[in-house]
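User: Hi, I have a structure open and want to go through a few spots in it. Can you help me read them?

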Amino acid sequence: MVRTERIDRVDLMRTLVRIVEAGSLSAAARQLNTTQATVSRRLQSLETLLGVKLLLRTTHAMKLTDDGERCYQHARRVIDAWLALEDELSQTEDEPVGMLRVRAPHAFGQQQLLVPLTRFLERYPQLTVEWMLNDKSVNFLSDNIDCAIRVGAEVDPATVSVQLAEVPRTLVAAPALLARFPAVKTPKQLGEMPWVALSSFYQHEIAITHSLSGEQARVAIAPRLYTDSLYAARNTALAGLGVTIVSSWAVEEDIQHGLLTPLLPEWQIAPLPVHLVYPWARYYPARLRMFLQLMREVMPGLSGMRQPESRA
């Protein structure tokens, strides 16, 4: 007797959506935690059920047919409806279940957010979180990510973006470095100092504003080191390599213990906005809605954070 695979139409549609959004059968297989052969078989089963060709594939490319595009759009609506039904029938008082995939900046996600994340998971025992820490730009579809915490990044109008807080920043240097140069009393003198640049936010120039007069100054800098790591910028500044601008929370204790010295305290560095970003959808599962609620509640109260200033 030939064994046949039970055909779950929702699962077949979910596989098609994952193939399209991941960009290939192999990538879809990795995200679905199955084999490429299984993904290919499910695609063929869906095409057989519908009696149409959904994907055109060559060695190096993949493209939806017109029927495939219509099927993909319909499959997204069906999956959203199915998720809504699962939530409605399986949850008590909107309790989140399943897997939530979140990307956060490495330093921020490792130090500031682990305590509220742990409490969140303790509160909802049926929820699992994949906590991905890196500072790369987010492609929600191909990376299979539900939401991302972004610090200082420009808002993509194609996504839903909720500002949660602001991160004040501080201009600092090690006392040993400052001892080798004339006292820094004006913004212009900053350009004469060696620098460690946090390249995600500044590289060749900094902008500062006087807290009382509102005067603005732009200063060209020549960094000795460019890094996308907050920790690397802090640690090399501690070692006396150069002046740097970093998130205030990362150097609060260093300043208190005299390991780093704030420069030009009457001049301010613009804070970095913190957003929770996620792709637009017709339906958002409870796990995403509850995580957004958590972030709105805890983010402004974290050490070194503050409520975003209202803007007219």
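User: Leaving aside neighbours within four places in sequence, which residues is Thr244 in contact with?
Analyst: One thing up front: this is a predicted model. Beyond those four places, Thr244 is in contact with Thr170, Leu171, Val172, Trp195, Val196, Tyr202, Ala233 and Ala237.

User: Is Thr244 buried or exposed?
Analyst: Buried. Its relative accessibility is 0%, and buried means under 20%.

User: Where is Thr244 found?
Analyst: In strand E12, which covers residues 244–247.

User: What lies 2.9 Å from a polar atom of the Thr244 side chain?
Analyst: The backbone oxygen of Val196. Val196 is also among the contacts of Thr244.

User: Moving on to helix H11. Which residues are buried there?
Analyst: Ser248, Trp249, Ala250, Val251 and Asp254. The helix runs over residues 248–256.

User: And what do the buried residues of H11 pack against?
Analyst: Two helices and three strands, listed here:
- helices H5 (106–111) and H10 (230–238)
- strands E6 (159–167), E7 (169–173) and E12

E12 is the strand that holds Thr244.

User: What follows H11?
Analyst: Gly258 does. Its phi is positive, near 75 degrees.

User: New topic: helix packing. At what angle do H6 and H12 pack?
Analyst: About 140 degrees, with their axes 11 Å apart. H6 is residues 114–123 and H12 is residues 286–298.

User: Why are they called oblique to each other?
Analyst: It follows from the angle. About 140 degrees is not over 145, the cut-off for roughly antiparallel, and it is outside the other named ranges too, so H6 and H12 count as oblique.

User: Which hand is the crossing?
Analyst: Right-handed, as H6 passes H12.

User: Which residues meet there?
Analyst: From H6, Pro116, Leu117 and Phe120. From H12, Arg287, Met290, Phe291, Leu294 and Val298. By class, the contact has seven nonpolar residues, one charged and no polar.

User: Last one, Glu47. Where is its place?
Analyst: In helix H3, residues 36–50. Glu47 is buried, with a relative accessible area of 11%.

User: What does Glu47 touch, not counting residues up to four places away?
Analyst: Val52, Lys53, Leu54 and Leu55. The Glu47 side chain also reaches the backbone nitrogen of Leu54, at 2.9 Å.

User: What separation is there between the C-alpha atoms of Glu47 and Phe181?
Analyst: 72 Å. Along the chain, Glu47 and Phe181 are 134 residues apart.

Terms used: Residues numbered from 1 in each chain as written. Predicted model: local features only at pLDDT ≥ 70, side-chain atom pairs only at ≥ 80, totals over all residues. Heavy atoms only, no water. Axes fitted to C-alpha atoms, helices over the stretch in contact; angles between N-to-C directions. Helix = DSSP H or I, 4+ residues; strand = E, 2+ residues; numbered from the N terminus. Parallel < 35°, antiparallel > 145°, perpendicular 65-115°, else oblique. Left-handed = near helix turned anticlockwise from the far one by under 90°. Contact = heavy atoms within 4.5 Å. Nonpolar A, V, L, I, M, F, W, Y, C, P; charged D, E, K, R; others polar. Buried < 20%, exposed > 50% of the residue type's maximum accessible area, 1.4 Å probe, protein only. Polar contact = N/O pair within 3.5 Å; in protein donor to acceptor, adjacent residues only side chain to side chain.
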